[in-house]
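Thanks for coming. I have one structure to go through today, and I will take it piece by piece.

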Amino acid sequence: MPEANSNGMILAKDEENDAEVRREDQDKINEFGQLNARLHEIREESEMLKSLLEKIDDASTELMMGSGSTVMLRLGDALFESSEEDATEFCEMEVERYQTTLDGLTSEMGDVTDKMNVLKKVLYGRFGKSINLEEK
């Protein structure tokens, strides 16, 4: 009977691989799964940070067009009265903080992707088309 891969696709007889899954293979498959989950988390966090950076940039632009009066600065659930200068300085600090975090996530994304590529080579070398490690 033909073997189905993880996509539910039937493999041709010459594509079937009867390689036994060893403990070390299963560990690599599990590590790949964990790295893939982390990659998705990193992407979500990065998108959230990019959105926050855009909002802060919009707020900074609004502050630059201000009249020099006081503004309301939101910190969590509270609002505080602040000068435009202090609010601008706060925005700049927030941008720096979020950008540093985003840079760290970008670096981590590269590291995770590199590890996943190494595992893909090993696992595809062992199992061929019998295993699917690609995104849908």
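Is Gln34 exposed or buried? At 58% relative accessibility, Gln34 counts as exposed, because the cut-off for that class is over 50%. Gln34 is found in helix H1. Its C-alpha atom is separated by 9.8 Å from that of Met116, which is 82 residues away along the chain. Before I go further, please keep in mind that this is a predicted model.

Now the overall layout. The protein chain has 136 residues, and 25% of them count as buried. Its secondary structure comes to two helices and two strands. From the N terminus on, the elements run α-β-β-α. If we take the contacts with a separation of 6 or more, residues 24 or more positions apart account for 63% of them.

On to the helices. H1 covers residues 23-64, which is 42 residues. From its first C-alpha to its last it reaches 61 Å, close to the 62 Å expected at 1.5 Å a residue. H2 covers residues 84-127. With 44 residues, H2 should span 64 Å at 1.5 Å a residue, and its end C-alpha atoms are 62 Å apart, which agrees. Just after H2 comes Gly128, with a positive phi of about 60 degrees.

Which residues of H1 are buried? The list includes Phe32, Leu35, Leu39, Ile42, Leu49, Leu53, Ile56 and Leu63. Polar and charged names are on it too, among them Asp25, Asn36, Ser46 and Ser60. The buried residues of H1 pack against H2 and against strand S1, residues 70-75.

To look at this packing from the other side, take Val112, which lies in helix H2. Val112 has a relative accessible area of 6%, so it is buried. Leaving aside neighbours within four places in sequence, Val112 is in contact with Leu35, Arg38, Leu39 and Ile42. Of these, Leu35, Leu39 and Ile42 are among the buried residues of H1. The C-alpha atoms of Val112 and Ile42 are separated by 9.7 Å, and the two residues are 70 apart along the chain.

Next, charges. How many salt bridges does a search of the whole structure find? It finds 10. I will show a few.

Arg38, which we just met as a contact of Val112, has a salt bridge with Glu41, at 3.1 Å from N to O. The two are three residues apart in helix H1, so about one helical turn separates them. Arg38 is partly exposed, with a relative accessible area of 23%. Glu41 is also partly exposed, at 41%.

Further along H1, the side chains of Glu47 and Lys50 meet in a salt bridge of 3.9 Å, N to O. Again the spacing is three residues, about one turn of the helix. Lys50 counts as partly exposed at 40% relative accessibility.

Another pair is Glu134 with Lys120, at 3.3 Å from N to O. Glu134 lies in the segment after H2 and Lys120 in helix H2, so the pair ties together parts that are 14 residues apart in sequence. Lys120 is buried, with a relative accessible area of 18%. Glu134 is partly exposed, with 42%.

There is also a network of salt bridges, which links Arg22, Glu24, Asp25 and Arg126. Asp25 is one of the buried residues of H1.

Now a charge without a partner. Which side chain of opposite charge is nearest to Glu84? It is Arg74, and it is 19 Å away. Glu84 is buried and has no salt bridge. Its place is in helix H2. Leaving aside its neighbours within four places in sequence, Glu84 is in contact with Leu63, Gly66, Ser67, Gly68, Ser69 and Val71. Leu63 is on the list of buried H1 residues as well.

Last, the rings. A search of the whole structure finds zero aromatic pairs. What does turn up is a charge over a ring: Arg97 lies over the face of Tyr98, at 4.6 Å from the ring centre.

To recap, the chain has two helices and two strands, the buried residues of H1 pack against S1 and H2, and Glu84 is buried without a salt bridge. That is what I have.

Key
Residues numbered from 1 in each chain as written. Predicted model: local features only at pLDDT ≥ 70, side-chain atom pairs only at ≥ 80, totals over all residues. Heavy atoms only, no water. Phe/Tyr/Trp six-rings, centres within 6.5 Å; stacked < 30°, edge-to-face > 60°. Lys NZ or Arg CZ within 6 Å of the ring centre and 35° of its normal. Helix = DSSP H or I, 4+ residues; strand = E, 2+ residues; numbered from the N terminus. Buried < 20%, exposed > 50% of the residue type's maximum accessible area, 1.4 Å probe, protein only. Lys, Arg positive; Asp, Glu negative; His and termini not counted. Salt bridge = Lys/Arg side-chain N within 4 Å of Asp/Glu carboxyl O. Contact = heavy atoms within 4.5 Å. Expected span 1.5 Å × (residues − 1).
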